[in-house]
Protein chains: 2
Amino acid sequence: MARPRTPLLSRERIVAAALRLIDDEGLDALSTRRLATELSVSGPSLYNHFATKDELLDAVVDSVMGEVDLSMFGTSGSSGTTGVPGVPGEPGRAAWPEALRDWARSYRAALAAHPNIVPVLAQGPGRRPNALRLADAVFGHLVDSGWPRGQATRIGALMRYFVTGSALASFAAGFPADAEVYDAADYPHLGEAHRLAGHRGAVDEGAFETGLEALLDGLALRYARLAERS
Amino acid sequence: MARPRTPLLSRERIVAAALRLIDDEGLDALSTRRLATELSVSGPSLYNHFATKDELLDAVVDSVMGEVDLSMFGTSGSSGTTGVPGVPGEPGRAAWPEALRDWARSYRAALAAHPNIVPVLAQGPGRRPNALRLADAVFGHLVDSGWPRGQATRIGALMRYFVTGSALASFAAGFPADAEVYDAADYPHLGEAHRLAGHRGAVDEGAFETGLEALLDGLALRYARLAERS
DNA sequence: ACCTGAACACCGTTCAAGT
DNA sequence: ACCTGAACACCGTTCAAGT
């Protein structure tokens, strides 16, 4: 066949097929040969579009990060402080908790739709533009809201911990549905644990929302203390 | 050579070598052939001790989980309610926040010592005894402290989200140390991000502690509300 | 019971060859 | 520029053979 008149592949088509494969069969199922077969080409063809498998994975990860809504941090992506600056001296009116809540929900939704790729994504932004844009928007918004830069960094980090942790795997589904696993002599409090997997969605959603609200409440307490000390 | 008088391998020796390999070179570096070479045997020898590579990985994971301290939840592992039951009606005296704090620190320390295996471990307890013991101890302690069972489940889940997320990868190290990555036109607030990797330990530790305290404060608020409504 | 080498169906990646 | 088949050094796992 050799070179066709119109290219058989594009980076977009490859990324979409790779994400589908990862979603359906896991990260280990993504092999260059398998992916090529899925795209009806031979294995080495992919190397005309990506230098390595890692570079392809990077593109898949960034496509997922691109789904996260950042609009609550201000309309423009690069104009800096567009919103009203924060007033830490007057607690109760700060807008950052709502922005953080909306963002965390969108962040989790984007990741939980593709849990098998979360371990890769959780390694950090690297040089991926959508991941860097996200970090920039969160940090910028917190600083503009009156958080000291060191605290803003920590909040960005701990929010990522919580969101990636909650999207990495279902808590409920991690417990076998087989009641015989939970011998009362070994695990006296897990007698009902075999029912967890059946309520997977509700348990994980409830845990995420509880944790998110607890985190925001705890941070609001610290935000209020910022003003007292100044 | 065939069968030696004294076995060359044992499950313990294999697990220890596998964990070392994963720590030093990552999860992908663990191949049965490479591991066998490390142990000075041929590849198929491992199959006399583990049925599959997955079964070996499970044993590695449970050995890490075994390092987590659970003593703050009561001395005995199987006798149920040994401690003083909780009194949700009288906030401020509850012991569960301290137990949860100590446990979370030990949990994170155990996992952060082996970050490369956290993605496997985060899939849930499965049938691994040390992981089930941990879930049992946390849930039992929260219920004994007066938390309703549904809430106790959510707290167990959200704590796992936060701890696994914080141990999965360093936040600070995820930002390239190369200042040229952070073009001010694209990322107006990341001008100092290239310094993060240099303060890796302090940033991640600070973020974990801030998040942990915020979570516990937020949960204490909810615990106080439990009594008001009853 | 516990080790070996040979074999099977896979990998990621390189490269010369085709248009 | 973009695809192909052949080739290289790897994988996990099975199995017959050895003691």
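The legends below describe close-up views of a predicted model in which chain A and chain B meet each other and DNA strands C and D.

**View 1. The two protein chains are related by a two-fold axis.**
Chain B can be laid on chain A by a turn of 180 degrees, with a shift of 0.0 Å along the axis, and the RMSD of the fit is 0.0 Å. This is the relation of a two-fold axis. Both copies use the same surface, in that 100% of the contact residues of chain B recur in chain A.

**View 2. The contact between chain B and chain A.**
Each chain is represented in this contact by a stated number of residues, 64 from chain B and 64 from chain A. About 5,300 Å² of area is buried between chain B and chain A, and carbon and sulfur atoms give 67% of that area. On the side of chain B, the residues that lose the most area to chain A are B:Tyr161, B:Phe171 and B:His189, which together make up 14% of what that side buries.

**View 3. Polar pairs and helices at the interface of chain B and chain A.**
Across this interface there are 14 residue pairs in polar contact, counting pairs in which both residues have pLDDT 80 or more. Helix H6 (129-144), helix H7 (149-168) and helix H8 (200-228) of chain B each supply at least two residues of the side of chain B that touches chain A. Of the contributors to that side, H8(B) gives the most, with 16 residues. Sorted by class, the side of chain B that touches chain A holds 30 nonpolar, 19 polar and 15 charged residues.

**View 4. Salt bridges that join the two chains.**
Side chains of opposite charge can pair when their charged atoms come close. Over all chains the count comes to 22 salt bridges, while between chain B and chain A the count is four. One salt bridge is formed by the side chains of A:Asp178 and B:Arg127, with a distance of 3.0 Å from N to O. Another is formed by the side chains of B:Asp178 and A:Arg127, where the N to O distance is 3.0 Å. B:Asp178 lies in the loop between H7 and H8 of chain B, and A:Arg127 lies in the loop between helix H5 (118-121) and helix H6 (129-144) of chain A, so the pair joins two chains.

**View 5. The surroundings of B:Glu213.**
B:Glu213 is found in helix H8 of chain B, the helix that gives the most residues to the side of chain B that touches chain A. The side chains of B:Glu213 and B:Arg101 are joined by a polar contact of 2.9 Å. When its neighbours within four places in sequence are left aside, B:Glu213 is in contact with A:Arg222, B:Arg101 and B:Arg105.

**View 6. The protein surface around DNA strand D.**
DNA strand D is surrounded by 23 residues, of which the closest are A:Arg3, A:Ser45, B:Thr32, B:Arg33 and B:Tyr47. The side chain of A:Arg3 places an N or O atom 2.7 Å from a base nitrogen of DNA strand D. Phosphate oxygens of this strand are approached by A:His49, whose polar side-chain atom lies 2.7 Å away, and by B:Tyr47, whose side chain has an N or O atom 2.5 Å away. Among the atoms of DNA strand D within 4 Å of the protein, 51% belong to sugar or phosphate and the rest to bases. The surface near DNA strand D has eleven nonpolar, seven polar and five charged residues.

**View 7. The protein surface around DNA strand C.**
DNA strand C is surrounded by 23 residues, and the closest are A:Thr32, A:Arg33, A:Tyr47, B:Arg3 and B:Ser45. Of the atoms of DNA strand C that come within 4 Å of the protein, sugar and phosphate account for 52%. In chain A, an N or O atom in the side chain of A:Tyr47 is 2.5 Å from a phosphate oxygen of DNA strand C, and a polar side-chain atom of A:Ser31 lies 3.2 Å from a phosphate oxygen of this strand. In chain B, the backbone takes part, with an N or O atom of B:Leu8 lying 2.6 Å from a phosphate oxygen of DNA strand C. By class, eleven nonpolar, seven polar and five charged residues make up the surface near DNA strand C.

How values were computed: Residues are numbered from 1 along each chain as its sequence is written. Chains are lettered from A and ligands numbered from 1 in the order in which they are written. This is a predicted model: local features need pLDDT of at least 70, side-chain atom pairs count only at pLDDT 80 or more; totals for chains, interfaces and linings use all residues. Side-chain values use heavy atoms; hydrogens and water are left out. Contact means heavy atoms within 4.5 Å. Buried area is the accessible area (1.4 Å probe) that two parts lose on being put together, summed over both. A polar contact is a pair of N or O atoms within 3.5 Å; within protein, one must be able to donate a hydrogen and the other to accept it, and residues adjacent in sequence count only if both atoms are side-chain atoms. Helices (H or I, at least four residues) and strands (E, at least two) are DSSP runs, numbered from the N terminus. Ala, Val, Leu, Ile, Met, Phe, Trp, Tyr, Cys and Pro count as nonpolar, Asp, Glu, Lys and Arg as charged, and the others, Gly among them, as polar. A residue is near a molecule or strand if one of its heavy atoms lies within 4 Å of it. Copies are superposed by least squares on the C-alpha atoms of residues with pLDDT of at least 70 in both.
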